[in-house]
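Reader: Please take a close look at one loop position in this model. Then work outward from there, part by part, and keep it brisk.

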Amino acid sequence: TWQECVVLFDRFRALQHLVVNIPVPPQGVRLPPEVYDEALQRLVAYPSHLVAMLSLWPQYIFSDSALVDALHRRLGAEELDSQRIASFGQEERHLVEALASLAATRGKMGLAARLLLDLGKDD
């Protein structure tokens with residue numbers, strides 16, 4: 001199954017090569033949400049790939065709340081202030097960018113804008 005493939009590819013540190021081939025609507029069939037959730041949760045370990053997939057996959061195919069929780073755990077904080085974000089390395093900055101993307105898709109534009117501004121992004 002696709003979920004088994006996600007686990008297997010992740011075990012061999014190749015998940016980023018599989019996720020671009022996982023079918024997503026409207027071009028492909030819609031898989032059970034658990035497949036997308038599992039892939040995205042595991043992509044937290046590959047932050048730049050996570051950001052890329054969030055821009056490619058429609059938000060309605062996965063659970064964004066579980067992913068937000070995983071990102072906060074990885075960053076070690078529920079709340080992120082400007083000073084802390086400024087001290088982050090590239091991987092953590094990608095995780096914050098993923099949080100901003102998820103905030104925007106949830107309609108929390110103020111939070112998304114604040115996170116992006118704290119990163120120094122103008123998009």
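**A loop position and its surroundings**

Author: I61 sits in the loop between helix 4 and helix 5. The model is predicted, so every value here is computed from predicted coordinates. I61 has a relative accessibility of 1%. The cut-off for buried is under 20%, so I61 counts as buried.

What does I61 touch, once its neighbours within four places in sequence are left aside? Its contacts are V24, P25, R30, P33 and Y36. Take P25 from that list. I61 and P25 are 36 residues apart along the chain, yet their C-alpha atoms are separated by 8.4 Å.

P25 also takes part in a cis peptide bond. Its partner is P26, and omega is about 5 degrees. P26 belongs to the loop between helix 2 and helix 3.

Y36 is another contact of I61, and it leads into helix 3. Y36 is one of the buried residues of that helix; the others are V35, D37, A39, L40 and L43. Which helices do these buried residues pack against? They pack against helix 1, helix 2 (15-18), helix 4 (47-56) and helix 5.

Helix 3 (residues 33-43) also holds a charged pair. E38 forms a salt bridge with R42, with the closest N and O atoms 2.4 Å apart. Why can these two side chains face each other? They are 4 residues apart in helix 3, so about one helical turn separates them. In general, an α-helix has 3.6 residues a turn, so residues three or four places apart point the same way. R42 is partly exposed, at a relative accessible area of 25%.

R42 has a further partner. A network of salt bridges links D10, E38 and R42. D10 is found in helix 1 (residues 2-11). D10 is buried, because its relative accessible area is 18% and the limit is under 20%. Apart from neighbours within four places in sequence, D10 contacts L15, R42 and Y46.

The loop that follows, between helix 1 and helix 2, contains R13. R13 is not a glycine, yet it has a positive phi of about 55 degrees. R13 is exposed, with a relative accessible area of 65%.

Now the other side of the starting loop: helix 5. This helix has 12 residues, which at 1.5 Å a residue should span 16 Å. Its end C-alpha atoms are 16 Å apart, so the two values agree. Its buried residues are D64, L67, V68, A70, L71, H72 and L75. The cover over them includes helix 3, helix 4, helix 6 (82-86) and helix 7. Just after helix 5, G76 takes a positive phi of about 75 degrees.

D64 is buried and charged, so its partner deserves a look; its relative accessible area is 12%. The side chains of D64 and R106 meet in a salt bridge, 3.1 Å from N to O. This pair links distant parts of the chain, 42 residues apart: D64 lies in helix 5 (residues 64-75), and R106 in the loop between helix 7 (90-105) and helix 8 (109-119). R106 is partly exposed, at 35% relative accessible area.

R106 is also one of the residues lining the largest pocket. That pocket has a volume of about 200 Å³. Its lining also includes V68, H72, L99, A103, L111, R114 and L115. Helix 5, helix 7 and helix 8 each supply at least two lining residues. The largest share, 3 residues, comes from helix 8. By type, the lining divides into 6 nonpolar, 1 polar and 5 charged residues.

R114 brings in another charged pair. R114 forms a salt bridge with D118, the closest N and O atoms being 3.0 Å apart. Both lie in helix 8, 4 residues apart, about one turn of the helix. R114 is partly exposed at 31% relative accessible area, whereas D118 is buried at 17%.

How many salt bridges are counted in the model? The count comes to 5. Among them are E38 with R42, D64 with R106, and R114 with D118.

Back to the starting point. I61, in the loop between helix 4 and helix 5, is buried and contacts residues including P25 and Y36.

Note on methods: Residues are numbered from 1 along each chain as its sequence is written. This is a predicted model: local features need pLDDT of at least 70, side-chain atom pairs count only at pLDDT 80 or more; totals for chains, interfaces and linings use all residues. Side-chain values use heavy atoms; hydrogens and water are left out. Buried means under 20% relative accessible area, exposed over 50%, partly exposed in between (1.4 Å probe, protein chains only). Contact means heavy atoms within 4.5 Å. A salt bridge is a side-chain nitrogen of Lys or Arg within 4 Å of a carboxyl oxygen of Asp or Glu. On a 1 Å grid over the protein atoms alone, a cavity is a set of points where a 1.4 Å probe fits but cannot get out, and a pocket is an open set with protein on both sides within 12 Å along at least five of seven lines; lining residues have an atom within 4 Å of a point. Grid points are joined across faces, edges and corners, and a volume is the space filled by probe spheres set on the points. The expected span of a helix is 1.5 Å times one less than its number of residues.
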